[in-house]
Amino acid sequence: MKKVLILITLTALLFGCKSGNSGGAGAGAAKTVSIGIFIPGVMSGSPLYEMLALGVQRAAAENTGVEATIIEGGYNQAEWESRVTSMAASGDYDLIVSSNPSLPAIASEVSAKFPKQYFLLLDGELSGNPSIYTLRYNQWEQAYMAGHIAALVAKAAGQGQARIGLVAAQEYPAMNDIILPGYREGAQAVDPAFTVDFRVVGNWFDAERGAQLAEEMIHNGASVILPVAGGAGTGVLQAAFEEGAKVVWFDINGYDLLPGTVVGSAVLHQNEAAYEQTKRYLEGRLPFGSAEIVGVADGYVGFIDDDPHYIAAVSGELREKQARLVEQIRSGVLVLGK
Ligand code: RBF
């Protein structure tokens, strides 16, 4: 009897604790780490959230005994804090991972009540709380690259007006203080006469309203538009297509969405960031309490210029100008934002 027990214990140790990449260590595997992925909104139509989940899940799958659960917070932002509070109160998660500029403030409220709850937050910034780590992207760089290609294309189209558009889902500090001015500065690097027509949808899902705003902008002289509007961005795309205008995409490669209409993609490699930072946590190396910022030079912010649809839609001369700009940012010749 005793021998049998020892054998069972040994087997459990071997299969439950030794590393294995299958992610399926068998029914005997002990659950060692539980990660809750909080989505501030819904996954569908928001690639940043899809990338977040993919990256965390990939890191979890590489480690036996790590479980990752997705919890969607929905579009009612007033409910997010109580949702995160419930997650912390449940004690179910060793780590809560999320992505949104408003999450650091929410996590710090929750942390005051549940100081043992750890947070890994992307796309936001807060330092000094020993339970919270944040990683923010240099979105001035991202928006500058978007504004630069938008202005190059608008100017080459030569419809008289030096005007481009930005359709935002809502106003928030990263939008008003970083993305909008960065976009404008990138356009003005092409021609100081450029102005930005800035309009706000009011939510992250209303594609019809997105289309309406885009139409108004196009009639107002903006021939290239950047949507930063989640699901509402598809309306901007449709309107631009119908009106013969162009679109620059944000966060992910958007060329495939409407080939010929999408003339730029200024992206965040959030899947990589989520994977790397989760891995760091699982290895006990995540520096809680600190706030890190990454950009083009670190490989987390980029401009997709090798896509066949980009090459087909934008002339070689303009692509070369854009590539030169991206290289200046990468090499540190041009320092943007913070
Ligand atoms: N981006 C999305 O793609 N989908 C969303 O539902 C979404 N909700 C947001 C809610 C708040 C309160 C804030 C501040 C930002 C939100 N973002 C959302 C924007 C996102 O954090 C990021 O700024 C943009 O995707 C540009 O990279």
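**View 1. Ser34 faces Glu67 across two paired strands.** Ser34 stands opposite Glu67 of strand β2. The model shown here and in the other views is predicted. Strand β1 covers residues 33-39 and pairs with β2 in the parallel sense. Seven bridges hold the record of that pairing.

**View 2. An open sheet of six strands with parallel pairing.** The strand order is β2-β1-β3-β4-β5-β11. Strand β2 (66-72) and strand β11 stand at the edges. Each has a single partner strand, so one side of each is left without a neighbour in the sheet. From one strand to the next, the twist averages 15°. Strands of a sheet pair through backbone hydrogen bonds, either parallel or antiparallel.

**View 3. Helix α3 on the parallel sheet.** Helix α3 lies across four strands: β1, β2, β3 (95-99) and β4. Its direction runs at about 175° to β1. The helix itself spans residues 80-90.

**View 4. Helix α3 meets helix α4.** Helix α4 covers residues 103-113. The two axes come within 10 Å and cross at roughly 45°. That angle makes α3 oblique to α4. The crossing is right-handed. On the α3 side, the contact residues are Trp80, Glu81, Val84, Thr85 and Ala88. On the α4 side, they are Leu103, Ile106, Glu109, Val110 and Lys113. By class, the contact of α3 with α4 has six nonpolar, one polar and three charged residues.

**View 5. A tilted aromatic pair, Tyr118 and Phe288.** The count of aromatic pairs comes to six. In the pair of Tyr118 and Phe288, the rings lie 4.7 Å apart, centre to centre. Their planes make an angle of 50°. This pair links distant parts of the chain, with the two positions 170 residues apart in numbering. Tyr118 belongs to strand β4 (residues 118-122). Phe288 sits in the loop between α9 (270-282) and β11 (291-294).

**View 6. A second open sheet, with mixed pairing.** Six strands form this sheet. Their order is β7-β6-β8-β9-β10-β12. Strand β7 (195-200) and strand β12 (301-303) stand at the edges. Each has a single partner strand, so one side of each is left without a neighbour in the sheet. The twist averages 20° from one strand to the next.

**View 7. Strands β8 and β9, with helix α6 packed on their sheet.** Strand β8 (residues 224-228) and strand β9 (residues 246-251) run parallel. Two bridges join them. Ile225 has Val247 of β9 as its bridge partner. Helix α6 (residues 173-190) packs on the sheet and touches β6 (163-168), β7, β8 and β9. The direction of α6 makes about 160° with that of β6.

**View 8. Helix α5 against helix α6.** Helix α5 spans residues 139-157. Its axis and that of α6 are 6 Å apart, and the packing angle is about 40°. The two helices are therefore oblique to each other. Helix α5 passes α6 in a right-handed crossing. From α5, the contact draws on Gln139, Trp140, Ala143, Tyr144, Ala146, Gly147, His148, Ala150, Ala151, Leu152 and Lys155. From α6, the residues include Ala174, Asp177, Ile178, Ile179, Pro181, Gly182, Tyr183 and Glu185. By class, the contact of α5 with α6 has 15 nonpolar, five polar and three charged residues.

**View 9. Helix α7 crosses helix α8.** Helix α7 covers residues 207-219, and helix α8 covers residues 233-243. Their axes come within 7 Å and cross at roughly 40°. That makes α7 oblique to α8. The crossing is right-handed. Ala207, Gly210, Ala211, Ala214, Glu215, Ile218 and His219 are the α7 residues in contact. They meet Thr234, Gly235, Val236, Ala239, Ala240 and Glu243 of α8. By class, the contact of α7 with α8 has seven nonpolar, four polar and two charged residues.

Notes:
Residues numbered from 1 in each chain as written. Predicted model: local features only at pLDDT ≥ 70, side-chain atom pairs only at ≥ 80, totals over all residues. Heavy atoms only, no water. Pairing = 2+ DSSP bridges. Axes fitted to C-alpha atoms, helices over the stretch in contact; angles between N-to-C directions. Contact = heavy atoms within 4.5 Å. Parallel < 35°, antiparallel > 145°, perpendicular 65-115°, else oblique. Left-handed = near helix turned anticlockwise from the far one by under 90°. Nonpolar A, V, L, I, M, F, W, Y, C, P; charged D, E, K, R; others polar. Phe/Tyr/Trp six-rings, centres within 6.5 Å; stacked < 30°, edge-to-face > 60°.
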